[in-house]
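Dear colleague,

I am passing the structure on to you with this message, and my notes on it follow below. Please read them with the coordinates open beside you.

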Amino acid sequence: FAAGTCDVAVVPADKPQGLAKWEHLFDEVLIPVCSPAYADVMSLTAPHDLARSQLIHTTTRPDIWAGWADVHGVDLPARSAKTNEFGFQDFYLSIEAAVSGTGLALVPQFLVAEALGDGGLVAPIGCPYRSGHAYWLVTRRGAKVHKSVAAFKRWLNTQISAVSETVSARP
């Protein structure tokens with residue numbers, strides 16, 4: 001914001017940082033997802049089934065599977081260069097790998113709401129995990145809110161509400 005080229009940003013972070021104005025949008029909830037075929041072949045029905053599954057890691061967030069396992073009391077195999085594990089730099093690539101039947105990805109629920117709704121992905125065991133991250137709307141502190149920024153905020157809140165309703169309506 002110091003360069004003045006940006007009016008607003010949506011930022012994932014643990015907590016507000018810097019001199020900008022941070023408005024909490026929603027907390028990050030991660031959920032293990034995979035293709036329906038992968039869930040069937042692997043007979044995934046309970047959290048401990050993930051210990052024998054191919055886990056897709058998001059390399060920019062290397063500790064999320066360990067955090068998920070701790071919360072749900074699951075012993076996952078220790079990661080090492082010798083295990084058959086792999087990862088991608090961002091959640092979108094991890095999601096695509098899960099859609100293709102490669103394994104299970106632990107990803108933000110809001111990013112997969114549509115794919116869960118249309119059957120492209122399943123969450124075979126449920127077990128959501130609050131990661132401690134949140135999504136924030138960030139603007140310059142003290143700057144006059146431009147009409148377009150206010151309109152964007154209204155639109156964004158509408159989208160968040162729609163996705164929240166979709167996610168909460170899932171069984």
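Counting ring pairs in this predicted model gives six aromatic pairs. One of them joins Phe 110 and Tyr 135, whose ring centres are 5.1 Å apart and whose planes stand at 80°, so the pair is edge-to-face, the class for planes over 60 degrees apart. Because Phe 110 belongs to helix α4 and Tyr 135 to strand β6 (residues 129-139), this pair ties together parts that lie 25 residues apart in sequence. The two partners can also be described by their exposure: Phe 110 is partly exposed, with a relative accessible area of 31%, whereas Tyr 135 is buried, at 8%. Ring pairs also bring in Phe 26, so that Phe 26, Phe 110 and Tyr 135 are linked into a cluster.

Turning to the sheet, six strands form an open arrangement in the order β1-β6-β2-β5-β3-β4, with mixed pairing. At its edges stand β1 (8-13) and β4 (86-88), and since each has a single partner strand, one side of each is left without a neighbour in the sheet. From one strand to the next, the twist averages 30°. Within this sheet, β2 and β6 pair in the antiparallel sense over eight bridges, and His 24 stands opposite Trp 136 in β6.

Two helices that pack on the sheet deserve a mention here. Helix α2 touches β2, β3, β5 and β6, and its direction makes about 90° with that of β5. Helix α4, which carries Phe 110, touches β2, β5 and β6, and its direction makes about 50° with that of β2.

Finally, there is the interior to consider. The largest nonpolar core has 32 residues, and those with the most contacts inside it are Val 33, Trp 68, Leu 104, Val 112 and Leu 121. At least two residues of this core come from each of β2 (21-33), α1 (36-42), β3 (55-58), α2 (64-72), α3 (91-99), β5 (104-108) and α4 (109-118). Which residues is Trp 68 in contact with, once its neighbours within four places in sequence are left aside? They are Pro 32, Pro 47, Leu 50, Val 74, Leu 106, Ile 125, Cys 127 and Tyr 129.

With best regards

Methods:
Residues numbered from 1 in each chain as written. Predicted model: local features only at pLDDT ≥ 70, side-chain atom pairs only at ≥ 80, totals over all residues. Heavy atoms only, no water. Core = buried A, V, L, I, M, F, W, Y, C linked by side-chain atoms within 4.5 Å. Buried < 20%, exposed > 50% of the residue type's maximum accessible area, 1.4 Å probe, protein only. Helix = DSSP H or I, 4+ residues; strand = E, 2+ residues; numbered from the N terminus. Contact = heavy atoms within 4.5 Å. Phe/Tyr/Trp six-rings, centres within 6.5 Å; stacked < 30°, edge-to-face > 60°. Pairing = 2+ DSSP bridges. Axes fitted to C-alpha atoms, helices over the stretch in contact; angles between N-to-C directions.
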